[in-house]
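Welcome, and please have the model open as you read. The report below walks through a few local spots first and then steps back to the chains as a whole.

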Amino acid sequence: MRHGSREYGFWSVGIALVLVFAMLPIVWIISLSLKSPATVGDGRFLPAGGNWTLDNYKTLFEGGFSGSPFIHPLINSIAIALISTVIAIVLAALAAYAIARLDFPGKTAILVGALAIAMFPQISTIGPLFDMWRSIGLYNTYPGLIIPYLTFSLPLAIYILVAFYREIPWDLEQAAQVDGATPFQAFRKVILPLAAPGTFTAAILVFIFCWNDFLFAITLTSSNASRTVPAALAFFTGSSQFTAPTGNIAAAAVIVTVPIIVFVLFFQRRIVAGLTAGAVKG
Amino acid sequence: MNAAAGRLRLGGGGPAATERSREERRLGWMLCAPAVVAMLLVTAYPIFYAIALSLQNLDLRFPDQTSWAGLTNYKTVLTSSLWWTDVFNTAFITAVSVTIELVLGMAIALVMYRAIFGRGIVRTSVLIPYGVVTVVAAFAWFFAFDPASGFVNHLPLVPDDKAWFGGRWSAMSVIIMAEVWKTTPFMALLLLAGLTTIDAGLYEAAKVDGANAVQRFFRITLPLMKPAILVALLFRTLDAFRIFDNIFIMTRGAQNTESVSILGYNQIISRTNLGLGSAVSVLIFILVLIIAFVFVRVLGVRMAEGRPGAT
């Protein structure tokens, strides 16, 4: 099929607009992170005369583990998101296996219930959690965040996993056993390779959700002992009380953003599949 | 149709099949139990707890003065103009941002579906906002518009000293733009999934009958995508109604830009007034139930077709 140059022009403009809008804030925050307090207000994407500086990054890590405003929250973010993801995926995989493969009353109710919980207003649980966590000692701890993260991580994981597990030809397991494989071999050599990609995709998306959380992180923590990066950013004060912490916030933002973007782009096909899994009836 | 159910059909009715189906039912419930119990523990239990808190005079600054309050907390909230301003702000931000997202998302979905080149680039760039933490994006937009560090005021036609966060509607516009930036990708991907289910033969037939592109969009694409659009709207509406991160970072609710979630946070965490704050929480929960009810009952969204995933 041949297309006119007008059509090419039309699509080019559309694609360019999408690209610029998507990249704009990222490019801007990277630019800010490389500016000095003297040039931070110049409004330019590229500093005059190539005046880049890495000072904003250096001050983030100054003072080591206890003195740095950033290292501790970064470790908290990684640990809390990882642990939450593992717990959610294990619990959800059991449920999703049952829903995809077994026949039992109530499975539609479980799916609809999970969906309802995904839309639950998280602010409504803040008061009770704040009160309970303070009285049982979970306030400002890792479990104090990991438990509430189940409100969004579990429904998301169950939904994606059910959609993926429904596509698996489970009969292959029996076929392998007929061919002489033990049940464990059949599971490990046949089912596991089929289930792993979907499970991995669900894990990526759950991780991104936990990594993104802000509401629970600022309400249920009070210090860097368990504060995650998004919450820590909101309380950044900068290296001196006379300069706005713009550059430091930008540098910290770049550090927690760029790896995730690279990761997302690397696994983009899977992520699109995961995001739209089950969106279309099937 | 899953394999186990198929097997059961074949076995049909005999005592062995009944025994097996009973076993299967037990196994199914056992496997689902941990996830179901966990989900109820982190949502249903706190909601009942919040209702209990909302019926008390409970301020953590004066714990000895705790007493039964009945419905006075609700009366206080519902008669305060701040609550109604915040409900309006939240509804306004939700309505405007979801509308823009729907139009933009549909345009991007069409580009991803129909573009004669560059589909990969669009999909890649659309996924970028999805991977960016909302707080980071909020800071990026804040710094872009803030006169002290931004580039927006250096653009032509924009006054150099425009204080975007000094006025209600200009601050609101930036907040809405940040919301749209972050969540349009999800909308676009959901709509793309809906687009791919439409039978291409319909377009060919319409073309043969002389329908132009605009007619084909309004007569074929839109009607057939109605279920997908409604599900996407339901999810995005309820998600946008929870708006918190962007407002917290950009204005903290100043200039009359406060949302109901910010109000709840201020009452519970900043003022440690658990009684009043919980009344706000319960009222937000009721509002969300009403919105969901309208979508499901009035607009006929089929919950079983939807899925979570919006940020």
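## A tyrosine in a helix of chain B

B:Tyr49 has its place in helix H2 of chain B, which covers residues 15-54. Keep in mind as you look that this is a predicted model. Is B:Tyr49 partly exposed or buried? B:Tyr49 counts as partly exposed, because 17 C-beta neighbours lie inside 10 Å, whereas a buried residue needs 20 or more.

B:Tyr49 is also a good place to see how the chain folds back in space. In sequence, B:Tyr49 and B:Ser278 are 229 residues apart, yet their C-alpha atoms are 9.0 Å apart.

## Two loop residues with positive phi

Next, take a look at two loops of chain B. The loop between helix H10 (245-250) and helix H11 (260-270) holds B:Gln255. This residue is not a glycine, but its phi is positive, at about 55 degrees. B:Gln255 is partly exposed, since 17 other C-beta atoms lie within 10 Å.

The loop between H11 and helix H12 (274-298) of chain B contains B:Thr272. Here too a residue other than glycine has a positive phi, in this case near 45 degrees. With 16 other C-beta atoms within 10 Å, B:Thr272 is therefore partly exposed.

## Helix H6 of chain B

Helix H6 of chain B runs over residues 134-145. Its end C-alpha atoms are 17 Å apart, which agrees with the 16 Å that twelve residues should span at 1.5 Å a residue.

How many of the twelve residues of H6(B) are buried? Twelve of the twelve are, so the helix is described as mostly covered. Among them are the phenylalanines B:Phe139, B:Phe142, B:Phe143 and B:Phe145, along with B:Trp141 and the alanines B:Ala137, B:Ala138, B:Ala140 and B:Ala144. B:Thr134, B:Val135 and B:Val136 are on the list of buried residues as well.

## Helix H6 of chain A

Chain A has its own H6, with 14 residues from 123 to 136. From first C-alpha to last, H6(A) reaches 20 Å, close to the 20 Å expected at 1.5 Å a residue. Where is the kink in H6(A) centred? The centre is A:Leu129, and the kink is about 30 degrees. After H6(A) comes A:Gly137, with a positive phi near 80 degrees.

H6(A) is mostly covered, with ten of its 14 residues buried. The kink centre A:Leu129 is one of the buried residues, and others include A:Gly127, A:Pro128 and A:Phe130. The buried set also takes in A:Ile123, A:Ser124, A:Thr125, A:Ile126, A:Asp131 and A:Trp133.

## The nonpolar core

The largest nonpolar core has 170 residues. Which residues have the most contacts inside it? They are A:Ala92 and B:Phe139. Helix H7 of chain A (residues 142-165) gives the most to this core, with 17 residues. B:Phe139 is also one of the buried residues of H6(B).

Setting aside neighbours within four places in sequence, A:Ala92 touches residues of both chains. From chain A, the contacts are A:Leu154, A:Ala157, A:Ile158 and A:Leu161, and from chain B there is B:Ala35.

## The two chains as a whole

Chain A has 13 helices and zero strands. Its radius of gyration is 24 Å, against the value near 19 Å that a compact globule of 282 residues would have. The C-alpha trace spans about 75 × 70 × 35 Å along the principal axes. Of the 282 residues, 49% count as buried. Among contacts in chain A with a separation of 6 or more, 73% join residues 24 or more positions apart.

Chain B has twelve helices and two strands, in the order α-α-β-β-α-α-α-α-α-α-α-α-α-α along the sequence. Chain B has a radius of gyration of 25 Å, where a compact globule of 311 residues would be near 19 Å. Its C-alpha atoms fill a box of roughly 70 × 65 × 30 Å, and 43% of its residues count as buried. Chain B is divided into domain 1 (3-54) and domain 2 (85-273 + 287-305), and 36 Å separate the centres of these domains.

Methods:
Residues numbered from 1 in each chain as written. Chains lettered and ligands numbered in written order. Predicted model: local features only at pLDDT ≥ 70, side-chain atom pairs only at ≥ 80, totals over all residues. Helix = DSSP H or I, 4+ residues; strand = E, 2+ residues; numbered from the N terminus. Expected span 1.5 Å × (residues − 1). Bend = angle between axes of the 7 residues up to and from the residue. Rg over C-alpha atoms; globule rule 2.2 N^0.38 Å. Domains from an automatic or database assignment. Core = buried A, V, L, I, M, F, W, Y, C linked by C-beta atoms within 7 Å. Contact = placed C-beta atoms within 7 Å.
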